[in-house]
Amino acid sequence: MTKPIIGYVGLSHLGICHLLASASKNYKVYGFDKNKNILEIYKNKKALIKEKNLRKNLIKFYKNISFTNSFKDLSKCDIVYISADVKTDDKGNSDLVEIKKYVKDTLKFVNKKSIIVILSQVPPGFTRKINWPKNRLYYQVETLIFGEAINRAEFPERIILGGEDSSIKKFDHKLLFFLKSFKCPIINMNYESAELCKISINMFLISNVT
């Protein structure tokens, strides 16, 4: 199979770390962000955030990366990740306005045969409501840790993937081909279970700290 082209919409901590992980596997990747200042920093091979090996990997795999703020470039991508970190207020309430806007713009410009994967943390039920063919719509759980995010994105211990239902036989072969490049177990479930799984992981970490 020809390697799919991967797009990441939203280049906050989550997006840039996963983009670099994909580039390290020799995939052609596009990084999209509405903030031109963020794009210019990465185009100049500089690190916007403090993360071990981020700038090193950016320089090393830069030949595989294109940064753009034009959503029209999404039409070149076979798999598109919505990868912006979800903002929260001082009480921990999630603000999904930006994520919903990214989803709306992505649906407008993406190739109609493309696969869309929600990587941002969203509440159970969010992914299923997206108006996109369900056999090409997924939710992937992210488990990055600050300070170790590049390593965890590039060498995950497992990938948790949610689809319309839990049957991996119905999961898109292009997406599975891409994810198998990371050489780890793929745990398949439905959208809501995967979305809830992300919340459960956070609760487990909180309980450990407590």
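Okay, before we start, a quick bit of sorting: Ala, Val, Leu, Ile, Met, Phe, Trp, Tyr, Cys and Pro count as nonpolar, while Asp, Glu, Lys and Arg count as charged, and the others, Gly among them, go down as polar. Keep that in your head, and let's use it on the largest pocket. By class, its lining holds nine nonpolar, eight polar and six charged residues.

I should say right away that what you see is a predicted model. How confident is the prediction? The mean pLDDT of the protein is 90, and 100% of its residues reach 70 or more. Among the elements, strand E4, residues 79-82, comes out highest with a mean of 97, and strand E5, residues 87-88, is lowest at 77.

Back to that largest pocket. There's about 630 Å³ of space in it. It has 23 lining residues, and the ones nearest its centre are Gln121, Glu142, Leu144, Lys198 and Asn202. H1 and H7 each put at least two residues into that lining, and H7 gives the largest share, with five.

So let's look at helix H7. How far apart are its end C-alpha atoms? Helix H7 has 19 residues, 191-209, and at 1.5 Å a residue it should span 27 Å; the end C-alpha atoms are 28 Å apart, so that agrees. Which residues of H7 are buried? They're Tyr191, Ala194, Glu195, Cys197 and Lys198. These cover an arc of only 155° around the axis, which means they sit on the same side of H7. Swing round to the other side of H7 and you find Met203 and Phe204, which are exposed. Did you spot Lys198 twice? What you have there is a residue on the buried list of H7 that is also among those nearest the centre of the largest pocket.

Next, the second largest pocket. That one has about 180 Å³ of space. Of its 13 lining residues, Ser12, Asp33, Ala84, Lys87 and Glu98 lie nearest the centre. By class, the lining divides into five nonpolar, three polar and five charged.

Now for space that's closed off. How many cavities of 30 Å³ or more turn up in a search of the whole structure? One. The volume of this largest cavity is about 170 Å³. It's lined by 19 residues, and the closest to its centre are His18, Gln140, Ala153, Pro156 and Ile159. The elements giving two or more residues to the lining are helix H1 (13-24), helix H5 (149-154), strand E9 (159-163) and helix H6 (173-179). Sort that lining and you get twelve nonpolar, four polar and three charged residues.

Last stop, a few single residues. Gly31 sits in strand E2, residues 29-32. Is Gly31 buried or exposed? With a relative accessible area of 0%, Gly31 is buried. Its C-alpha atom is 6.3 Å from that of Val9, and the two residues are 22 apart along the chain.

Then there are two residues to check for their backbone angles. Asn26, in the loop between H1 and E2, has a positive phi of about 65° although it isn't a glycine. Asn26 counts as partly exposed because its relative accessibility is 47%, and the cut-off for exposed is over 50%. Lys183, in the loop between H6 and strand E10 (186-190), also isn't a glycine and has a positive phi of about 50°. Lys183 has a relative accessible area of 77%, so it's exposed.

Technical notes. Residues are numbered from 1 along each chain as its sequence is written. This is a predicted model: local features need pLDDT of at least 70, side-chain atom pairs count only at pLDDT 80 or more; totals for chains, interfaces and linings use all residues. Side-chain values use heavy atoms; hydrogens and water are left out. pLDDT is the predictor's confidence in each residue, from 0 to 100. Helices (H or I, at least four residues) and strands (E, at least two) are DSSP runs, numbered from the N terminus. On a 1 Å grid over the protein atoms alone, a cavity is a set of points where a 1.4 Å probe fits but cannot get out, and a pocket is an open set with protein on both sides within 12 Å along at least five of seven lines; lining residues have an atom within 4 Å of a point. Grid points are joined across faces, edges and corners, and a volume is the space filled by probe spheres set on the points. The expected span of a helix is 1.5 Å times one less than its number of residues. Buried means under 20% relative accessible area, exposed over 50%, partly exposed in between (1.4 Å probe, protein chains only). The arc is that of the directions from the helix axis to the C-beta atoms.
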